[in-house]
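Reader: Please walk me through this model in short steps. I would like concrete distances and names that I can check in my viewer.

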Amino acid sequence: MVLTVPFADSNMPENKPTPPKPVDQLTPAAARLEHEALAREIAQHDRRYYEDDAPSVSDAEYDALRLRYEALEAQFPELKSTESLTRKVGSKPSEKFSKIRHRAPMLSLANAFADEEVEEFVERIRRFLQIKADAPVIFTAEPKIDGLSLSLRYEHGRLVSAATRGDGSVGEDVTANARTVGDIPQKLTGKDFPEILEVRGEVYLSHADFAAINERQAAAGKQLFANPRNAAAGSLRQLDPAITASRPLHFFAYGWGEISEMPADTQSGMIDAFRRFGFIINPLTRRCSTVAELLEHYRTIETNRANLGYDIDGVVYKVDDLNLQSRLGFVSRSPRWALAHKFPAQQATTILDAIEINVGRTGSLNPLARLRPITVGGVVVSNATLHNEDYIRGIGGNGEKIRNGVDIRVGDTVIIQRAGDVIPKVLDVVLEKRPADAKPYLFPSNCPACGSHAVREQNPRTGKEDSVRRCTGGLICPAQARERLKHFVSRNAFDIEGLGEQRIEELYADGTIRRPQDIFTLEARNAGKLQRLENREGWGATSVKNLFAAIEARRNIALNRFVYALGIPHVGDTSAKLLARHFGTFEAIQEAAKAAADPESDAHAELTSIGGIGSVVADAIVEFFKEQHNEEMLDALLAQVHVEPVEATVSDSPVAGKTVVFTGALEQMTREEAKAMAERLGAKVAGSVSKKTDIVVAGPGAGSKLNKAKEFDVQVMDEDGWFVLVGRN
DNA sequence: TACCCTCGAGTTCA
DNA sequence: CTCGAGGGTA
C-alpha cells in the first residue's frame with residue numbers, strides 16, 4: 001500500500017505555543033486531565049533519567065513540569081489522592097551514579113525447582129566430565145540470599161570500589177555507600193590476601209531492620225518499601241551515603257571476580273579464605289557429595305527459612321573443585337557448574353476479567369489476561385501473558401495436556417505465579433469457582449487491528465501447525481506497521497533517543513510517521529508551515545530539537561543494526577551480526593538474497609553456509625528481499641541513511657577464524673570441553689578433516705583423520721601443542 | 001531421530 | 001523470564 005504522509009492537522013493555522021492557563025482558571029475536569037498527563041510525562045522522564053541514564057529533557061524543563069504539577073495539586077487537592085502516579089513521582093533526581101565495568105562478568109545462575117532437575121544437573125556434570133558413577137563429585141550448598149549482588153574490589157587489601165551487578169557487564173559505582181556497610185571490610189585482615197581481589201556477595205536487610213525502616217518511612221509520611229530486597233536496593237542506591245549508613249545493611253560473601261592469585265583450589269577453600277580476610281560467610285554453607293545430601297540440606301534450609309531473619313529464595317549448589325569448575329565452563333550466560341534450586345514461587349488467586357489480543361510485529365496474535373489486580377510477592381499484577389491459543393485451551397507445546405487439559409475462560413478464578421519471581425503467569429484454573437455461564441474462549445480468527453484473516457501456518461519441515469496464529473494483513477495491518485516501527489527505533493536497532501513506543505504510537509496514529517524512511521524526513525517536513533511538533537501537547541521545543549539531533553546522529557548506522565532494524569522474521573540481533581560479519585556490506589547481503597531467489601544460483605547455499613543460519617532463516621531473508629514494497633522501502637531509506645560496512649573483527653586469539661578438528665583420544669580434556677574451548681577462542685570446530693581444515697589436534701589412536709590431515713597438508717599437533725598454541729584456558 | 005543449546009519474539013512492573 | 005522453534009551434532 002502506498003501511503004502519502006500528510007503532516008498532521010495540515011489545515012490548522014500556524015500557531016505559536018500558548019502559555020498554559022493559570023491553574024486557578026482551570027475547570028476541575030481540565031485540571032484532572034492535565035494532572036494525569038503531567039504525571040505520565042514526569043514519570044517517563046524520571047524513568048529515562050534513572051534507568052536509561054539518559055535525560056530526555058533539560059533540568060529547567062523538568063523543573064517547569066514539576067512546578068506546574070505541584071501547582072495543580074495545590075489548587076485542586078483532590079487530585080493528590082486520585083491519581084495513582086502521584087506518589088510515584090518522587091523527588092527530583094539530582095545526581096547519578098557512575099558506571100563500573102566488571103573485569104569479569106557477573107553471571108546469573110541456571111534455575112531448578114524440582115528434585116529431578118537437581119539430579120539432572122549432577123548427571124549432566126558427570127557426563128560432561130566423564131566421571132565414573134562411583135567417583136564422588138563434591139558440591140557446596142548454601143542459601144540463596146534475596147538481596148542485591150555486589151562486587152567489591154580490593155587492591156593491596158584496601159577496598160577501592162564497589163559495584164552493583166547491573167546488566168552483568170556494567171554496574172553502578174556505589175563505593176561510598178558500600179563503605180558504610182558494617183559487614184564489608186575497608187581493609188582485609190590477615191597477611192595472605194591476594195594483591196587484587198574482587199569479592200562478590202549479596203547485600204541484604206534483616207526482617208527486623210526492614211520493619212524498622214518501614215516504620216520510619218511511615219512516620220515520615222514516605223512510601224513504604226514492598227519487601228526487604230527493595231528496601232536494601234533503595235538504601236544502597238542513596239545519593240547521600242549518610243542515609244545508607246543509617247540503614248543497617250549486611251553482606252554475605254560467596255564468590256569472586258578478578259583475583260591476582262588464588263588462595264585456594266576449591267569453592268569451600270575460597271570461602272574459608274574470605275572468612276580469614278574479614279568477610280562474613282553464610283553459616284548454612286555445607287559440602288555435599290551426593291544428590292541426596294544436597295536435597296537434604298535444601299530441606300533443612302527450607303525448614304529453617306522462617307527463622308533465619310532474612311529473605312532467601314532457594315539454595316545454590318556449586319561444584320567445589322575449581323579445576324572442575326573451569327573445565328565445565330559456561331553455557332551462554334550461566335556457569336555449567338552451579339545451580340539455583342529455588343523454593344516454590346509465590347502464588348496468588350484472582351479473577352480473569354478479560355482476554356485481550358495484541359498484534360505483534362510479525363502479525364502474531366498474542367493473548368493477554370486482564371486480571372483483577374492482585375499482589376504477588378510484593379508487586380501488584382494486573383496483566384499476564386497467555387502465550388497462545390493452545391495454552392488457553394490447555395494444550396502444551398508438544399501436544400500434551402497442561403493443567404490436566406483445563407482451558408482458561410473469562411470469569412475464571414486463576415492462580416497467578418511470578419515466574420522466576422518476575423514475570424507473572426497464569427498457572428492454573430480453580431475449576432470449582434468457574435461461573436456456570438463461563439464459555440470456552442473463542443480465539444479470534446481475524447486480526448483485531450485490521451480484520452484480515454489470521455491463520456496458523458504449517459511448518460514446511462515437520463508439517464506441524466505453528467503454535468502462533470498470525471494476521472495475514474501484512475502491509476495493510478496498522479498494528480503490524482506500528483510494531484515494526486517500534487522495532488526499527490528500538491535499542492538494538494536505530495536506538496533513536498526521544499522516539500520511544502509512546503511517541504511512535506502518537507506519530508503513527510496521525511500519519512506523521514508510517515514507514516521507517518519517514519523518520520528521516522521528519523525534520524524537513526516539520527520545517528514547513530503546518531502544525532509543528534513543538535506546538536503539540538507533550539512536546540517542548542527542546543525535546544523536539546533533541547529528537548531531531550538524535551535522528552541526525554543515526555544517519556550513520558552500523559550494518560548489523562541496520563539489518564536487525566529491518567525486522568526480517570527470524571533475524572534478530574545475533575543473526576544480523578552473523579550476516580554483517582559474513583558479507584561486510586549491505587549491498588552484498590542484498591545481492592546474495594536476491595540471487596538466492598534463483599534456484600540456479602548457489603547464493604542460497606552461501607547463506608546457509610554461515611554457521612547459525614539455516615534453511616528457515618535463509619528463506620525468510622530471501623522472501624524479505626523479494627518483496628517489491630520492501631525494495632521500495634530500502635531505496636527510500638538508503639537515500640536517507642548511510643550504512644557503515646563492518647570492519648573485519650580481528651580477534652587476538654591465535655586460532656580465531658580457523659577450523660579445528662579434534663581426533664583420537666584426548667587425555668587432558670573431554671571432546672566437549674575441547675570444542676567449547678576452541679569456540680570460545682573464535683575457532684570453528686569440525687567433525688571431519690577436509691581441505692578447509694586448518695588444525696588437527698590428534699591424540700593417541702588417531703587414525704584415518706590423521707592420514708587425511710597429512711594428505712591435505714594440514715597442521716597437526718597433539719594436546720600439548722594445542723595448549724602451547726592457545727595457552728591454558 | 002533425539003538430544004542440547006541458542007535464538008527470536010513475546011511478556012510484567014517499576 | 002519463558003516459550004517454541006531453528007540449527008547443529010551424536
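Reader: How far is a polar side-chain atom of Arg361 from a phosphate oxygen of DNA strand B?
Author: First, a friendly note: this is a predicted model, where local features need pLDDT of at least 70, side-chain atom pairs count only at pLDDT 80 or more, totals for chains, interfaces and linings use all residues, and side-chain values use heavy atoms, with hydrogens and water left out. Residues are numbered from 1 along each chain as its sequence is written, while chains are lettered from A and ligands numbered from 1 in the order in which they are written. Distances like this one fall under polar contacts (a pair of N or O atoms within 3.5 Å; within protein, one must be able to donate a hydrogen and the other to accept it, and residues adjacent in sequence count only if both atoms are side-chain atoms). For Arg361 and a phosphate oxygen of DNA strand B, the distance is 2.7 Å.

Reader: Which residue uses a polar backbone atom to reach a phosphate oxygen of DNA strand B?
Author: A polar side-chain atom of Ser364 also lies 2.7 Å from a phosphate oxygen of this strand, but you are asking about the backbone. There the distance to a phosphate oxygen is 3.2 Å, and the residue is Thr574.

Reader: Which element gives the largest share of the surface near DNA strand B?
Author: A residue is near a strand if one of its heavy atoms lies within 4 Å of it, and 28 residues are found around DNA strand B. Helices (DSSP H or I runs of at least four residues) and strands (E runs of at least two) are numbered from the N terminus. Those that give two or more residues here are β15 (365–376), β16 (379–385), β18 and α19 (573–583). The largest share, six residues, belongs to β16.

Reader: How much of the protein-facing part of DNA strand B, counted as atoms within 4 Å of the protein, is sugar and phosphate?
Author: The residues that come nearest to this strand are Val331, Arg361, Leu368, Ser382 and Ser575. Among the atoms of DNA strand B that come within 4 Å of the protein, the sugar and phosphate share is 85%.

Reader: And for DNA strand C, what is the sugar and phosphate share?
Author: DNA strand C is surrounded by 18 residues, and the closest are Lys425, Asn459, Gly612, Gly614 and Val617. Of the atoms of this strand within 4 Å of the protein, sugar and phosphate account for 94%.

Reader: How far is a backbone N or O atom of Gly614 from a phosphate oxygen of DNA strand C?
Author: It helps to see the other contacts too: a side-chain N or O atom of Lys425 is 2.8 Å from a phosphate oxygen of this strand, and a polar side-chain atom of Ser467 lies 3.2 Å from a sugar or linking oxygen. For the backbone of Gly614 and a phosphate oxygen, the distance is 2.7 Å.

Reader: Which element gives three residues to the surface near DNA strand C?
Author: Two elements give two or more residues to this surface, β18 (423–429) and α22 (615–626). The largest share, three residues, comes from α22.

Reader: Is Glu389 buried or exposed?
Author: Glu389 sits in helix α12 (residues 389–393), and its side chain makes polar contacts with those of Arg456 (3.5 Å) and Arg469 (2.9 Å). Contact means heavy atoms within 4.5 Å, and beyond four places in sequence Glu389 touches Phe443, Arg456, Ser467 and Arg469. The classes of relative accessible area are under 20% for buried, over 50% for exposed and partly exposed in between (1.4 Å probe, protein chains only). Because its relative accessible area is 9%, Glu389 is buried.

Reader: What is the relative accessible area of Lys708?
Author: Lys708 belongs to helix α25 (residues 704–711). Its C-alpha atom is 6.5 Å from that of Val689, 19 residues away along the chain. Lys708 counts as partly exposed because its relative accessible area is 38%.

Reader: Which helix of chain A has the lowest mean pLDDT?
Author: pLDDT is the predictor's confidence in each residue, from 0 to 100, and its mean over chain A is 82, with 84% of the residues at 70 or more. Over residues 81–95 it is below 50. Where pLDDT is low, the predicted coordinates should not be read in detail. Helix α9 (residues 267–277) has the highest mean, 97, and the lowest, 54, belongs to helix α3.

Reader: How many of the residues of chain A, as a percentage, count as buried?
Author: Chain A has 26 helices and 26 strands. Of its 729 residues, the buried share is 43%.
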